[in-house]
Amino acid sequence: MSAGESHGEALVGIIDGVPKGVELSTQMLADELARRRQGHGRGARQRFEQDRVRILGGVRHGLTIGSPVAIEIANSEWPKWQVVMSPNPVDPKDLLIDAGTGDEREVARNRPLTRPRPGHADLAGMMKFGHEDARPVLERASARETATRVALGLVARQFLRQVAGIEIVSHVVAVGEETADAPAPLPQDAHRLDASAVRTLDEDAQMRFIVAIDQAKKSGDTIGGVAEVAAYGVPVGLGSYTQWDERLDASLAAALMSIQSAKSVEIGQGQVDQLGSTAHDEIVVEEGPRRLSNRAGGIEGGMSNGEPIVARVGFKPISTVPRARSTIDLATGTQAPALHQRSDASQIVPATVICESMVALTLANEIIKMFGTGSVERIRAAIADYNTAVSERLNP
(Lines give C-alpha, C1' and ligand atoms only; values in the text may rest on other atoms or scores of the structure.)
Protein backbone atom coordinates (compact mmCIF):
# COMPACT_ATOMS: atom_id res chain seq x y z
CA MET A 1 0.00 0.00 0.00
CA SER A 2 1.02 3.61 -0.40
CA ALA A 3 0.23 7.04 0.96
CA GLY A 4 0.97 10.60 -0.08
CA GLU A 5 -0.07 13.22 -2.58
CA SER A 6 1.44 14.33 -5.88
CA HIS A 7 2.67 17.66 -4.49
CA GLY A 8 2.93 16.56 -0.87
CA GLU A 9 6.18 16.32 1.04
CA ALA A 10 6.72 12.67 0.11
CA LEU A 11 5.17 9.42 -1.04
CA VAL A 12 5.49 6.44 1.27
CA GLY A 13 5.05 2.79 0.29
CA ILE A 14 4.87 -0.32 2.45
CA ILE A 15 5.10 -3.89 1.21
CA ASP A 16 4.45 -6.68 3.72
CA GLY A 17 5.23 -10.39 3.51
CA VAL A 18 8.67 -9.92 1.95
CA PRO A 19 10.85 -12.90 2.94
CA LYS A 20 14.26 -12.59 4.53
CA GLY A 21 17.22 -12.31 2.18
CA VAL A 22 16.00 -10.25 -0.81
CA GLU A 23 18.83 -8.04 -2.08
CA LEU A 24 17.80 -4.37 -1.98
CA SER A 25 19.53 -1.00 -1.72
CA THR A 26 18.75 2.67 -2.08
CA GLN A 27 20.78 2.81 -5.30
CA MET A 28 18.78 -0.05 -6.84
CA LEU A 29 15.59 1.84 -6.07
CA ALA A 30 16.96 5.09 -7.49
CA ASP A 31 17.98 3.34 -10.71
CA GLU A 32 14.54 1.75 -11.09
CA LEU A 33 12.74 5.03 -10.44
CA ALA A 34 14.93 6.68 -13.09
CA ARG A 35 13.50 4.24 -15.66
CA ARG A 36 10.01 5.55 -14.86
CA ARG A 37 11.13 9.10 -15.66
CA GLN A 38 12.35 8.28 -19.15
CA GLY A 39 10.63 8.54 -22.49
CA HIS A 40 9.91 10.89 -25.37
CA GLY A 41 6.89 13.07 -24.65
CA ARG A 42 7.57 13.58 -20.96
CA GLY A 43 6.92 17.08 -19.61
CA ALA A 44 9.12 19.60 -17.79
CA ARG A 45 8.18 18.18 -14.41
CA GLN A 46 10.38 15.13 -15.02
CA ARG A 47 13.43 17.38 -15.43
CA PHE A 48 13.15 19.33 -12.20
CA GLU A 49 11.42 16.88 -9.84
CA GLN A 50 13.87 14.29 -8.57
CA ASP A 51 12.98 11.01 -6.85
CA ARG A 52 14.95 11.18 -3.60
CA VAL A 53 14.42 7.76 -2.12
CA ARG A 54 15.01 6.37 1.38
CA ILE A 55 14.46 2.91 2.84
CA LEU A 56 12.75 3.43 6.19
CA GLY A 57 12.43 -0.14 7.41
CA GLY A 58 12.62 -3.85 6.61
CA VAL A 59 16.15 -3.83 5.16
CA ARG A 60 19.52 -4.23 6.90
CA HIS A 61 22.91 -4.18 5.20
CA GLY A 62 21.40 -4.64 1.74
CA LEU A 63 19.08 -7.55 2.57
CA THR A 64 15.44 -7.68 3.62
CA ILE A 65 14.95 -9.02 7.13
CA GLY A 66 11.42 -10.42 6.93
CA SER A 67 9.56 -7.41 8.31
CA PRO A 68 7.54 -4.92 6.21
CA VAL A 69 9.67 -2.87 3.83
CA ALA A 70 8.91 0.87 3.95
CA ILE A 71 10.16 3.24 1.26
CA GLU A 72 9.93 7.04 1.11
CA ILE A 73 10.14 9.04 -2.12
CA ALA A 74 10.61 12.72 -1.26
CA ASN A 75 9.23 15.57 -3.38
CA SER A 76 12.06 17.95 -4.29
CA GLU A 77 9.44 20.59 -5.19
CA TRP A 78 7.95 20.57 -1.67
CA PRO A 79 9.13 24.10 -0.72
CA LYS A 80 6.89 25.52 -3.45
CA TRP A 81 3.88 23.56 -2.20
CA GLN A 82 4.25 23.45 1.58
CA VAL A 83 1.61 26.14 2.15
CA VAL A 84 -1.10 24.90 -0.19
CA MET A 85 -0.45 21.25 0.75
CA SER A 86 0.33 21.75 4.43
CA PRO A 87 -1.09 18.97 6.64
CA ASN A 88 -1.57 21.55 9.40
CA PRO A 89 -4.10 24.42 9.52
CA VAL A 90 -3.11 27.44 7.40
CA ASP A 91 -4.20 31.05 7.80
CA PRO A 92 -6.39 31.82 4.74
CA LYS A 93 -4.33 34.98 4.19
CA ASP A 94 -1.25 32.80 3.60
CA LEU A 95 -2.97 31.40 0.51
CA LEU A 96 -3.14 34.86 -1.05
CA ILE A 97 0.59 35.61 -1.09
CA ASP A 98 3.51 34.35 -3.15
CA ALA A 99 5.61 32.86 -0.33
CA GLY A 100 8.03 35.79 -0.60
CA THR A 101 9.48 34.75 -3.94
CA GLY A 102 7.60 37.16 -6.17
CA ASP A 103 6.36 34.12 -8.06
CA GLU A 104 2.82 34.79 -9.28
CA ARG A 105 2.42 31.08 -9.93
CA GLU A 106 2.47 30.55 -6.16
CA VAL A 107 -0.80 32.46 -5.88
CA ALA A 108 -2.27 30.36 -8.71
CA ARG A 109 -1.33 27.17 -6.86
CA ASN A 110 -3.33 28.30 -3.88
CA ARG A 111 -6.57 29.06 -5.71
CA PRO A 112 -9.45 26.58 -5.31
CA LEU A 113 -9.78 24.27 -8.32
CA THR A 114 -13.51 24.29 -9.03
CA ARG A 115 -13.49 23.27 -12.70
CA PRO A 116 -13.09 19.46 -12.86
CA ARG A 117 -11.23 18.03 -15.85
CA PRO A 118 -13.03 15.60 -18.19
CA GLY A 119 -11.38 12.20 -18.10
CA HIS A 120 -10.02 12.67 -14.57
CA ALA A 121 -11.20 11.60 -11.14
CA ASP A 122 -11.95 15.25 -10.28
CA LEU A 123 -15.75 15.44 -10.57
CA ALA A 124 -16.64 11.98 -9.23
CA GLY A 125 -14.13 12.38 -6.40
CA MET A 126 -15.51 15.78 -5.42
CA MET A 127 -19.02 14.34 -5.32
CA LYS A 128 -17.98 11.22 -3.40
CA PHE A 129 -16.08 13.01 -0.63
CA GLY A 130 -17.93 16.33 -0.67
CA HIS A 131 -14.90 18.42 -1.62
CA GLU A 132 -15.46 22.03 -2.71
CA ASP A 133 -12.07 21.99 -4.41
CA ALA A 134 -10.62 19.35 -6.78
CA ARG A 135 -7.14 19.67 -5.26
CA PRO A 136 -7.54 16.84 -2.69
CA VAL A 137 -8.78 14.53 -5.46
CA LEU A 138 -6.24 15.20 -8.17
CA GLU A 139 -3.35 15.15 -5.72
CA ARG A 140 -4.01 11.51 -4.83
CA ALA A 141 -5.44 10.36 -8.18
CA SER A 142 -2.34 11.67 -9.98
CA ALA A 143 -0.05 9.20 -11.74
CA ARG A 144 2.72 10.50 -9.50
CA GLU A 145 1.48 7.78 -7.13
CA THR A 146 2.96 5.18 -9.49
CA ALA A 147 6.47 6.11 -8.33
CA THR A 148 5.62 4.16 -5.19
CA ARG A 149 4.42 1.20 -7.24
CA VAL A 150 7.70 1.14 -9.16
CA ALA A 151 9.71 1.24 -5.92
CA LEU A 152 7.70 -1.56 -4.32
CA GLY A 153 7.70 -3.38 -7.64
CA LEU A 154 11.49 -3.50 -7.54
CA VAL A 155 11.30 -5.38 -4.23
CA ALA A 156 9.03 -7.91 -5.96
CA ARG A 157 11.32 -8.13 -9.02
CA GLN A 158 14.36 -8.78 -6.86
CA PHE A 159 12.47 -11.49 -5.00
CA LEU A 160 11.30 -13.16 -8.24
CA ARG A 161 14.81 -13.11 -9.70
CA GLN A 162 16.36 -14.66 -6.62
CA VAL A 163 13.85 -17.42 -5.93
CA ALA A 164 12.81 -18.44 -9.46
CA GLY A 165 14.94 -16.62 -12.03
CA ILE A 166 11.85 -14.80 -13.29
CA GLU A 167 12.61 -11.80 -15.50
CA ILE A 168 10.10 -9.17 -16.67
CA VAL A 169 10.53 -6.89 -19.67
CA SER A 170 8.27 -4.52 -21.60
CA HIS A 171 8.04 -2.47 -24.77
CA VAL A 172 5.74 -0.05 -26.59
CA VAL A 173 3.72 -1.66 -29.40
CA ALA A 174 1.59 1.34 -30.42
CA VAL A 175 1.42 5.12 -30.14
CA GLY A 176 -1.89 6.45 -31.36
CA GLU A 177 -2.52 4.79 -34.72
CA GLU A 178 1.15 3.93 -35.28
CA THR A 179 2.17 0.34 -34.48
CA ALA A 180 5.45 -1.56 -34.15
CA ASP A 181 6.24 -4.83 -35.86
CA ALA A 182 8.20 -6.53 -33.10
CA PRO A 183 7.62 -9.69 -31.04
CA ALA A 184 7.57 -9.64 -27.26
CA PRO A 185 11.09 -8.66 -26.15
CA LEU A 186 13.42 -11.04 -24.33
CA PRO A 187 15.12 -10.31 -21.00
CA GLN A 188 18.41 -9.66 -22.77
CA ASP A 189 16.72 -6.82 -24.68
CA ALA A 190 16.10 -4.79 -21.52
CA HIS A 191 19.12 -2.46 -21.83
CA ARG A 192 18.42 -1.70 -25.50
CA LEU A 193 14.81 -0.91 -24.66
CA ASP A 194 15.84 1.39 -21.80
CA ALA A 195 18.04 3.25 -24.29
CA SER A 196 15.18 3.77 -26.77
CA ALA A 197 13.34 7.11 -26.49
CA VAL A 198 10.04 5.34 -27.14
CA ARG A 199 10.97 1.88 -25.80
CA THR A 200 10.88 -0.16 -28.99
CA LEU A 201 13.36 -2.30 -30.92
CA ASP A 202 11.60 -1.52 -34.22
CA GLU A 203 13.69 1.36 -35.62
CA ASP A 204 11.07 2.34 -38.19
CA ALA A 205 8.36 2.41 -35.54
CA GLN A 206 10.61 4.46 -33.26
CA MET A 207 10.67 7.33 -35.76
CA ARG A 208 6.93 7.11 -36.37
CA PHE A 209 6.22 7.04 -32.61
CA ILE A 210 8.37 10.15 -32.04
CA VAL A 211 6.67 12.03 -34.87
CA ALA A 212 3.20 11.12 -33.55
CA ILE A 213 4.06 12.34 -30.05
CA ASP A 214 5.63 15.55 -31.37
CA GLN A 215 2.61 16.28 -33.55
CA ALA A 216 0.25 15.82 -30.59
CA LYS A 217 2.36 18.12 -28.42
CA LYS A 218 2.64 20.76 -31.12
CA SER A 219 -1.12 20.87 -31.56
CA GLY A 220 -1.72 21.21 -27.81
CA ASP A 221 -2.92 17.65 -27.46
CA THR A 222 -1.99 14.31 -25.89
CA ILE A 223 -1.74 10.81 -27.34
CA GLY A 224 -2.18 7.30 -25.94
CA GLY A 225 -0.75 3.93 -26.86
CA VAL A 226 -0.31 0.26 -26.05
CA ALA A 227 2.31 -1.37 -23.84
CA GLU A 228 3.25 -5.05 -23.83
CA VAL A 229 4.87 -6.75 -20.85
CA ALA A 230 6.32 -10.27 -20.74
CA ALA A 231 7.43 -12.41 -17.78
CA TYR A 232 9.88 -15.27 -18.39
CA GLY A 233 10.63 -18.25 -16.17
CA VAL A 234 7.25 -18.37 -14.43
CA PRO A 235 6.56 -21.82 -12.94
CA VAL A 236 3.54 -23.74 -14.20
CA GLY A 237 0.48 -23.66 -11.93
CA LEU A 238 0.44 -20.17 -10.40
CA GLY A 239 -3.13 -19.07 -9.79
CA SER A 240 -6.10 -21.44 -9.69
CA TYR A 241 -9.19 -22.52 -11.59
CA THR A 242 -11.11 -23.27 -8.38
CA GLN A 243 -12.43 -19.76 -7.57
CA TRP A 244 -12.98 -16.67 -9.71
CA ASP A 245 -10.81 -14.44 -7.52
CA GLU A 246 -7.88 -16.88 -7.56
CA ARG A 247 -7.42 -16.89 -11.32
CA LEU A 248 -4.01 -15.51 -12.33
CA ASP A 249 -5.30 -13.70 -15.41
CA ALA A 250 -7.95 -11.97 -13.31
CA SER A 251 -5.34 -10.82 -10.79
CA LEU A 252 -3.02 -9.55 -13.52
CA ALA A 253 -5.85 -7.78 -15.33
CA ALA A 254 -6.95 -6.03 -12.13
CA ALA A 255 -3.39 -4.94 -11.31
CA LEU A 256 -2.73 -3.61 -14.80
CA MET A 257 -6.12 -1.90 -15.13
CA SER A 258 -5.45 -0.08 -11.86
CA ILE A 259 -2.71 1.99 -13.52
CA GLN A 260 -3.86 5.53 -14.24
CA SER A 261 -5.14 5.95 -17.85
CA ALA A 262 -5.27 2.18 -18.51
CA LYS A 263 -8.42 1.29 -20.46
CA SER A 264 -7.85 -2.29 -21.67
CA VAL A 265 -5.90 -5.43 -20.82
CA GLU A 266 -5.35 -8.40 -23.13
CA ILE A 267 -3.64 -11.58 -21.99
CA GLY A 268 -1.86 -13.15 -24.95
CA GLN A 269 -2.63 -12.18 -28.49
CA GLY A 270 -4.55 -13.44 -31.49
CA GLN A 271 -7.13 -15.69 -29.81
CA VAL A 272 -10.32 -13.61 -29.79
CA ASP A 273 -10.45 -13.14 -33.57
CA GLN A 274 -9.55 -16.71 -34.57
CA LEU A 275 -11.37 -20.01 -34.86
CA GLY A 276 -10.82 -22.55 -32.13
CA SER A 277 -8.90 -24.83 -34.48
CA THR A 278 -6.14 -22.23 -34.83
CA ALA A 279 -6.42 -20.14 -31.65
CA HIS A 280 -5.07 -22.62 -29.10
CA ASP A 281 -1.46 -23.55 -28.43
CA GLU A 282 -0.84 -27.14 -29.45
CA ILE A 283 1.36 -29.37 -27.28
CA VAL A 284 3.89 -31.62 -28.98
CA VAL A 285 6.22 -34.22 -27.48
CA GLU A 286 9.36 -33.81 -29.60
CA GLU A 287 12.28 -32.21 -27.73
CA GLY A 288 10.28 -32.77 -24.57
CA PRO A 289 6.68 -31.57 -24.24
CA ARG A 290 6.48 -28.04 -25.58
CA ARG A 291 4.06 -25.54 -27.13
CA LEU A 292 4.12 -24.64 -30.80
CA SER A 293 2.89 -21.13 -30.03
CA ASN A 294 1.94 -18.87 -27.12
CA ARG A 295 -1.29 -17.21 -28.20
CA ALA A 296 -2.72 -17.76 -24.70
CA GLY A 297 -0.04 -15.51 -23.23
CA GLY A 298 1.17 -18.15 -20.79
CA ILE A 299 -2.14 -18.57 -18.94
CA GLU A 300 -4.79 -21.26 -19.37
CA GLY A 301 -7.71 -21.94 -17.03
CA GLY A 302 -6.62 -19.14 -14.73
CA MET A 303 -3.15 -20.66 -14.21
CA SER A 304 0.32 -20.14 -15.61
CA ASN A 305 1.11 -22.90 -18.12
CA GLY A 306 4.91 -22.62 -18.20
CA GLU A 307 5.11 -20.36 -21.26
CA PRO A 308 6.08 -16.68 -20.94
CA ILE A 309 3.24 -14.60 -19.55
CA VAL A 310 2.41 -11.83 -22.01
CA ALA A 311 -0.08 -9.00 -21.50
CA ARG A 312 -0.96 -5.89 -23.49
CA VAL A 313 -2.33 -2.76 -21.85
CA GLY A 314 -4.04 0.05 -23.73
CA PHE A 315 -3.65 3.57 -22.35
CA LYS A 316 -5.92 6.47 -23.24
CA PRO A 317 -4.43 9.90 -24.00
CA ILE A 318 -3.60 11.84 -20.83
CA SER A 319 -6.72 13.67 -19.68
CA THR A 320 -4.96 16.93 -18.83
CA VAL A 321 -5.12 18.42 -22.32
CA PRO A 322 -3.43 21.79 -22.89
CA ARG A 323 -6.24 22.57 -25.32
CA ALA A 324 -8.70 22.44 -22.43
CA ARG A 325 -12.02 20.62 -22.76
CA SER A 326 -15.32 22.08 -21.63
CA THR A 327 -16.60 21.45 -18.11
CA ILE A 328 -18.67 23.01 -15.32
CA ASP A 329 -17.39 25.50 -12.77
CA LEU A 330 -18.84 24.11 -9.56
CA ALA A 331 -18.41 27.48 -7.84
CA THR A 332 -20.80 29.21 -10.26
CA GLY A 333 -22.67 26.40 -12.01
CA THR A 334 -21.67 27.80 -15.40
CA GLN A 335 -19.93 26.27 -18.42
CA ALA A 336 -16.17 26.86 -18.39
CA PRO A 337 -12.92 25.50 -19.81
CA ALA A 338 -11.41 22.79 -17.62
CA LEU A 339 -8.46 23.65 -15.43
CA HIS A 340 -5.07 22.69 -16.84
CA GLN A 341 -2.23 21.28 -14.79
CA ARG A 342 1.06 20.77 -16.63
CA SER A 343 1.29 17.30 -18.16
CA ASP A 344 3.14 15.05 -20.55
CA ALA A 345 2.21 14.74 -24.21
CA SER A 346 2.41 10.96 -23.84
CA GLN A 347 2.81 8.64 -20.86
CA ILE A 348 3.21 5.41 -22.80
CA VAL A 349 6.95 4.90 -22.17
CA PRO A 350 6.82 5.19 -18.36
CA ALA A 351 3.57 3.22 -18.44
CA THR A 352 5.48 0.18 -19.69
CA VAL A 353 7.79 0.34 -16.66
CA ILE A 354 4.79 0.64 -14.34
CA CYS A 355 3.26 -2.41 -16.06
CA GLU A 356 6.40 -4.37 -15.25
CA SER A 357 6.05 -3.40 -11.59
CA MET A 358 2.41 -4.44 -11.36
CA VAL A 359 3.16 -7.80 -13.00
CA ALA A 360 6.06 -8.32 -10.57
CA LEU A 361 3.91 -7.53 -7.53
CA THR A 362 1.18 -9.89 -8.73
CA LEU A 363 3.54 -12.77 -9.51
CA ALA A 364 5.44 -12.33 -6.22
CA ASN A 365 2.17 -12.62 -4.34
CA GLU A 366 1.27 -15.79 -6.24
CA ILE A 367 4.70 -17.33 -5.63
CA ILE A 368 4.35 -16.81 -1.88
CA LYS A 369 0.79 -18.20 -1.90
CA MET A 370 1.97 -21.35 -3.67
CA PHE A 371 5.41 -21.93 -2.15
CA GLY A 372 5.28 -20.29 1.27
CA THR A 373 7.38 -17.57 2.84
CA GLY A 374 10.10 -17.15 5.44
CA SER A 375 13.38 -16.81 3.58
CA VAL A 376 14.66 -16.64 0.03
CA GLU A 377 16.57 -19.89 0.50
CA ARG A 378 13.51 -21.80 1.69
CA ILE A 379 11.28 -20.57 -1.15
CA ARG A 380 13.99 -21.16 -3.76
CA ALA A 381 14.35 -24.76 -2.58
CA ALA A 382 10.57 -25.31 -2.67
CA ILE A 383 10.36 -24.01 -6.23
CA ALA A 384 13.32 -26.13 -7.34
CA ASP A 385 11.74 -29.29 -5.87
CA TYR A 386 8.44 -28.49 -7.56
CA ASN A 387 10.05 -27.82 -10.94
CA THR A 388 11.94 -31.12 -10.67
CA ALA A 389 8.70 -32.95 -9.99
CA VAL A 390 7.00 -31.25 -12.96
CA SER A 391 9.92 -32.13 -15.25
CA GLU A 392 9.87 -35.77 -14.16
CA ARG A 393 6.12 -35.92 -14.75
CA LEU A 394 6.43 -34.48 -18.26
CA ASN A 395 9.53 -36.50 -19.14
CA PRO A 396 8.91 -40.01 -17.70
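**Exercise 1.** Determine how Arg208 is classed by its relative accessibility in this predicted model.

*Solution.* The relative accessibility of Arg208 is 25%. Buried means under 20%, exposed means over 50%, and partly exposed lies in between. Arg208 therefore counts as partly exposed.

**Exercise 2.** Identify the residue whose side chain meets that of Arg208 in a salt bridge, and locate both partners in the chain.

*Solution.* Step one is the partner: the side chain of Arg208 meets that of Glu178, with an N to O distance of 2.8 Å. Step two is the location. Glu178 belongs to strand 9 (residues 178-179), whereas Arg208 belongs to helix 9 (residues 203-218). The two residues are 30 residues apart, and the pair links distant parts of the chain. Step three concerns accessibility: Glu178, at 29%, counts as partly exposed, and Arg208, at 25%, is likewise partly exposed.

**Exercise 3.** Describe the salt bridge between Arg35 and Glu32, and state whether each partner is buried or exposed.

*Solution.* The closest N and O atoms of Arg35 and Glu32 are 3.1 Å apart. A salt bridge requires a side-chain nitrogen of Lys or Arg within 4 Å of a carboxyl oxygen of Asp or Glu, so the pair qualifies. Both residues lie in helix 1 (residues 26-36); because they are 3 residues apart there, about one helical turn separates them. Arg35 has a relative accessibility of 11% and counts as buried. Glu32, at 8%, also counts as buried.

**Exercise 4.** Place the pair Arg35 and Glu32 in its wider setting of salt bridges.

*Solution.* Glu32 and Arg35 belong to a network of salt bridges, in which they are linked with Arg157, Asp194, Arg199 and Glu356. For the whole structure, a search finds 23 salt bridges. One of the others joins the side chains of Glu300 and Arg291, at 2.8 Å from N to O. Here the partners fall into two classes: Glu300 is partly exposed at 30%, while Arg291 is buried at 18%.

**Exercise 5.** Describe the surroundings of Lys316, beginning with its entry in the UniProt record.

*Solution.* First, the unreviewed UniProt entry lists Lys316 under "binding site", together with residues including Arg140, Ser261, Gly301 and Arg342. The listing also contains Ser319 and Thr320, and these two residues are included in the lining of the largest cavity. Next, Lys316 lies in the loop between strand 16 (309-315) and strand 17. Its relative accessible area is 24%, so Lys316 is partly exposed. Finally, leaving aside neighbours within four places in sequence, Lys316 is in contact with Gly119, Gly224, Ser261, Lys263 and Gln347. Of these contacts, Ser261 also appears in the UniProt listing.

**Exercise 6.** Determine the location of Arg36 and whether Arg36 is buried or exposed.

*Solution.* Arg36 lies in helix 1. With a relative accessible area of 5%, which is under 20%, Arg36 is buried. According to the unreviewed UniProt entry, a "binding site" annotation covers Arg36 and Arg42.

**Exercise 7.** Name the members of the nonpolar surface patch that contains Ile328, and explain why Ile328 can belong to a patch as far as accessibility is concerned.

*Solution.* The patch is formed by Leu123, Met127, Ile328 and Leu330, which together have about 330 Å² of accessible area. Ile328 is found in strand 17 (residues 326-329). Patch members need over 30% relative accessible area. Ile328 has 33% and is partly exposed, so Ile328 passes this cut-off.

Definitions and conventions. Residues are numbered from 1 along each chain as its sequence is written. This is a predicted model: local features need pLDDT of at least 70, side-chain atom pairs count only at pLDDT 80 or more; totals for chains, interfaces and linings use all residues. Side-chain values use heavy atoms; hydrogens and water are left out. Patches are made of residues with over 30% relative accessible area and no salt bridge: like charges are joined within 9 Å, nonpolar side chains (Val, Leu, Ile, Met, Phe, Trp, Tyr) within 5 Å. Accessible areas come from the Shrake-Rupley method with a 1.4 Å probe; for residues, only the protein chains shown count as cover. Helices (H or I, at least four residues) and strands (E, at least two) are DSSP runs, numbered from the N terminus. Buried means under 20% relative accessible area, exposed over 50%, partly exposed in between (1.4 Å probe, protein chains only). UniProt positions are given in the numbering used here, feature names are shortened, and annotations may be inferred rather than shown by experiment. On a 1 Å grid over the protein atoms alone, a cavity is a set of points where a 1.4 Å probe fits but cannot get out, and a pocket is an open set with protein on both sides within 12 Å along at least five of seven lines; lining residues have an atom within 4 Å of a point. Contact means heavy atoms within 4.5 Å.
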